[in-house]
Amino acid sequence: EYEQHARIRGGDPEQMIDAAAAAYLALTLDGTDTLLMAADHTLRRELNRRVREDLIRLGVVAPGPAVTIADGATASPGDLLICTQNDRAIEAGEPGRTLANGDLLRIEAVTRNGPIVRRALDADPATGQRRWTSQPFLYAGYRSAELGYAVTEHVAQGRPSRCGPG
């Protein structure tokens, strides 16, 4: 089925990293809720770095002000983060909903107290587009977060289905 829909591609590792990042960017910039999976943490970090650089170049992500997150990576307004720890003290954009490991967050602003974020909701069932909580919140635990463009299979397994039409 994947082959019938031209979803299987091959090439050397560098070509495949470039192709995966380019496909992710194209779909994401079109508004599609997209999941980019990497085989391991080294590849995930590289994909995250490349996607972030492209998003900065395209003006989707601001180059600063920024915060330092896990692994020494940098994140700024427009960036996506993956929460890596539960935090029952934070109301995550909806009454009664606390922050959970694996939540996808988008940085709206960076303050001296940390980033202001919105949490991703399930994709719109009719359009497949990503949706966000209407209520932003301060994410004090950002230092343990990771960039959220590419994930490993372990994070992907715990992520709610965000598939749209087609």
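Select glutamate 46 and arginine 49, which both lie in helix α2, three residues apart, or about one turn of the helix. This is a predicted model, and every stop on the tour should be read with that in mind. The side chains of glutamate 46 and arginine 49 meet in a salt bridge, at 2.5 Å from N to O. Glutamate 46 counts as partly exposed because its relative accessible area is 22%, and arginine 49, with a relative accessible area of 37%, is partly exposed too.

**The whole of helix α2**

Now widen the selection to α2, residues 41-57. With 17 residues at 1.5 Å a residue, α2 should span 24 Å, and its end C-alpha atoms are indeed 24 Å apart, so the expected span and the model agree. At the start of the helix, look for aspartate 40, where a side-chain oxygen reaches to within 3.1 Å of the backbone nitrogen of threonine 42. Just after α2 comes glycine 59, which takes a positive phi of about 85 degrees.

Which residues of α2 are buried? Select Arg44, Leu47, Asn48, Arg50, Val51, Arg52 and Leu55 to see them. If you then colour their surroundings, what covers these buried residues includes the helix α1 (13-29) and the strands β1 (36-38), β3 (74-75), β11 (146-147) and β12 (150-152).

**From α2 across to α1**

Add glutamate 14 to the view, together with arginine 50, since the side chains of these two residues meet in a salt bridge of 2.6 Å, N to O. The pair links distant parts of the chain, with glutamate 14 in helix α1 and arginine 50 in helix α2, 36 residues apart. Glutamate 14 counts as partly exposed because its relative accessibility is 41%, whereas arginine 50, at 14%, counts as buried.

Side chains of opposite charge can pair when their charged atoms come close. To follow such pairing further here, select Glu14, Asp18, Glu46, Arg49, Arg50 and Glu53, which are linked in a network of salt bridges. The structure as a whole holds 14 salt bridges.

**Arginine 52 and its surroundings**

Stay in helix α2 and centre the view on arginine 52. Is arginine 52 buried or exposed? Arginine 52 is buried, because its relative accessible area is 12%, and the cut-off for that term is under 20%.

The side chains of aspartate 79 and arginine 52 meet in a salt bridge of 2.6 Å, N to O. Aspartate 79 lies in the loop between β3 and β4 (80-82) while arginine 52 is in helix α2, so the pair ties together parts that are 27 residues apart in sequence. Aspartate 79, at 0% relative accessibility, also counts as buried.

Next, show the backbone of threonine 74, whose oxygen lies 3.0 Å from a polar atom of the side chain of arginine 52. Leaving aside residues up to four places away in sequence, arginine 52 touches Val61, Ala62, Thr74, Ala75, Ser76, Asp79, Leu147 and Tyr149.

**Alanine 73**

Move to alanine 73, in the loop between β2 and β3, which counts as partly exposed because its relative accessibility is 23%. Not counting residues up to four places away in sequence, alanine 73 touches Val67, Thr68 and Leu147, and Leu147 is also one of the residues that arginine 52 touches. Draw a distance between the C-alpha atoms of alanine 73 and alanine 145, which are 72 residues apart along the chain, and you should find a separation of 9.5 Å.

**A patch on the surface**

Turn on the surface and select Leu29, Leu58 and Val60, which form a nonpolar patch with about 250 Å² of accessible area together. Within this patch, leucine 58 is found in the loop between α2 and β2 (67-68), and at 43% relative accessibility leucine 58 counts as partly exposed.

**Last stop: threonine 133**

Finally, select threonine 133, in the loop between β9 (131-132) and β10 (137-138). Where does its side chain reach? The side chain of threonine 133 reaches the backbone oxygen of glutamine 135, at 3.3 Å. Threonine 133 counts as buried because its relative accessibility is 3%. Apart from residues up to four places away in sequence, threonine 133 touches Ala92, Gly93, Glu94, Arg118, Arg119 and Leu121.

Conventions: Residues numbered from 1 in each chain as written. Predicted model: local features only at pLDDT ≥ 70, side-chain atom pairs only at ≥ 80, totals over all residues. Heavy atoms only, no water. Patch = residues over 30% accessible without salt bridge, like charges linked within 9 Å, V, L, I, M, F, W, Y side chains within 5 Å. Areas by Shrake-Rupley, 256 points an atom, 1.4 Å probe, with all protein chains shown as cover. Salt bridge = Lys/Arg side-chain N within 4 Å of Asp/Glu carboxyl O. Helix = DSSP H or I, 4+ residues; strand = E, 2+ residues; numbered from the N terminus. Buried < 20%, exposed > 50% of the residue type's maximum accessible area, 1.4 Å probe, protein only. Polar contact = N/O pair within 3.5 Å; in protein donor to acceptor, adjacent residues only side chain to side chain. Contact = heavy atoms within 4.5 Å. Expected span 1.5 Å × (residues − 1).
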